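Visitor: I have a structure open here and would like to go through it piece by piece. Can you take my questions as they come?

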Amino acid sequence: MSEEQAQTSRARDQMQVVTISREYGSGGGEIAHRLAERLHWDLVDHKIVVEVARELQVSESDVEEYDERGEGFIARFLSSLQGIDQVLPATAPLLINDTLPDYQSALTRVVKAAILTGHVVLVGRGSQVLLGNRQDALHIRIIAPFELRTKYVMQREGLSEEDAKIRLRSKDRDRDRYLQDTYKRHPDDPKLYDLVINTAVFDLDSAVDLIELALDRKATRLSIPPTELGPAFGLPPYPDQPGDFHVSK
């Protein structure tokens, strides 16, 4: 390993989480899976939530209702991760409750504690907002045109075109409503993300390449004071007044 590669590796180790927000049918889940494999990070996605629900003897229909509309982690997710005993204090176990505030409280606690177990690729669950203030988090949004997402769902789920469109609209509506109701934000707000990738042209592996590059570049910026960040820092004034700028009299 060269010294430059070693420096990149050390910088990357300072990052703790990549959040993946995705439009349904954009390939975001597959991108998250490939990214976690490449980075050798833990992948936290819907399948783990279902497994935890089974351990707690919760019906999958209840899990689906919460996870589709709330994208939520429920109950003792961290019990499935190595090092849970060192992460959370000895308290009463988290329990699934039929009220949103309790559910959201469990979500917040579990997501934040999960990051302490190591490096994580976190799919959905409003994590782009929940972890929005963390400098060691990289926030990614995966999108694609509706017609291409329709083809993806048809191919992957074996649905007719009409059924695929119905499923897409339902998923989009539920995810939009969850983020708006819970955080008063819209998932399409680009300011929630470090990088938005449109898979209409980029293949999935290229999207992983872009995320990995962004992760390394953001990692190198962690040591820079906030006052020295932003597009204006280090740039001189324009040599001439911009043509579209007029001083009012």
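Visitor: Where does S21 lie?

Guide: S21 is part of strand β1, which covers residues 17-22. Keep in mind throughout that this is a predicted model.

Visitor: Is S21 buried or exposed?

Guide: S21 is buried, because its relative accessibility is 7% and the cut-off for buried is under 20%.

Visitor: What does S21 touch?

Guide: Not counting residues up to four places away in sequence, S21 touches Q128, I140, R141, I142 and Y193. With Y193 there is a polar contact between the side chains, at 3.3 Å.

Visitor: Now the sheet. What is the order of the strands?

Guide: The order is β2-β3-β1-β4-β5, in an open sheet of five strands with parallel pairing. At the edges are β2 (42-44) and β5 (195-198), each of which pairs on one side only. From one strand to the next, the twist averages 20 degrees.

Visitor: How many bridges join the pairs?

Guide: Between β1 and β3 there are four bridges, in the parallel sense. The parallel pair β2 and β3 has three bridges. Strand β4 (residues 137-143) pairs with β5 over four bridges, again in the parallel sense.

Visitor: Which residues face each other across those pairs?

Guide: I20 has V123 in β3 as its bridge partner. L43 stands opposite V121 in β3, and I140 stands opposite L195 in β5.

Visitor: β3 keeps coming up. Which way do V120, V121, L122 and V123 point?

Guide: V120 and L122 point one way from β3, while V121 and V123 point the other way. All four are buried. In a regular strand, side chains alternate between the two faces of the sheet.

Visitor: What lies across the sheet?

Guide: Helix α2 (residues 28-39) lies across β1, β2, β3 (120-123) and β4. The helix runs at about 165 degrees to β1.

Visitor: And L35 in that stretch, what is L35 in contact with?

Guide: Leaving aside neighbours within four places in sequence, L35 is in contact with V18, I20, V121, V208 and I211.

Visitor: Which residues of the largest nonpolar core touch the most other members?

Guide: They are V18, I20, L35, L138, I140 and I211, out of 23 residues in that core. At least two residues each come from β1, α2, β3, β4 and α10 (204-219). The largest share, seven residues, is from α10. Apart from this core lies another of 14 residues, including V111, I115, L131 and L192. In soluble globular proteins, nonpolar side chains tend to be buried together.

Visitor: Back to the edge for a moment. What about I197?

Guide: I197 is in strand β5. The residue counts as buried because its relative accessible area is 2%, and the limit is under 20%.

Visitor: What surrounds I197?

Guide: Beyond four places in sequence, I197 is in contact with I140, R141, I142, I143, F202, A207, L210 and I211. The C-alpha atoms of I197 and I143 are separated by 6.2 Å, although the two residues are 54 apart along the chain.

Visitor: Is there anything odd in the loops?

Guide: H40 has a positive phi of about 65 degrees, although it is not a glycine. H40 is in the loop between α2 and β2 and counts as exposed, at 73% relative accessibility. K184 also has a positive phi, near 60 degrees, and is a residue other than glycine. K184 lies in the loop between α9 (161-183) and β5 and is exposed, at 66% relative accessibility.

Visitor: How many helices and strands are there in the protein?

Guide: The protein has ten helices and five strands. Of its 249 residues, 40% count as buried.

Visitor: Last topic, confidence. Which elements have the lowest and highest mean pLDDT?

Guide: Helix α5 (residues 84-87) has the lowest, at 44, and β5 the highest, at 97. For the protein, the mean pLDDT is 79, and 71% of residues reach 70 or more.

Visitor: Where does pLDDT stay under 50?

Guide: Over residues 70-101. The model has 71 contacts beyond four places in sequence for that stretch. Where pLDDT is low, the predicted coordinates should not be read in detail.

Notes. Residues are numbered from 1 along each chain as its sequence is written. This is a predicted model: local features need pLDDT of at least 70, side-chain atom pairs count only at pLDDT 80 or more; totals for chains, interfaces and linings use all residues. Side-chain values use heavy atoms; hydrogens and water are left out. Buried means under 20% relative accessible area, exposed over 50%, partly exposed in between (1.4 Å probe, protein chains only). A polar contact is a pair of N or O atoms within 3.5 Å; within protein, one must be able to donate a hydrogen and the other to accept it, and residues adjacent in sequence count only if both atoms are side-chain atoms. Contact means heavy atoms within 4.5 Å. Two strands pair if DSSP finds at least two bridges between them. Axes are lines fitted to C-alpha atoms, for helices over the stretch in contact, and angles run from 0 to 180 degrees between N-to-C directions. A nonpolar core is a set of buried Ala, Val, Leu, Ile, Met, Phe, Trp, Tyr and Cys residues joined through side-chain atoms within 4.5 Å. pLDDT is the predictor's confidence in each residue, from 0 to 100.
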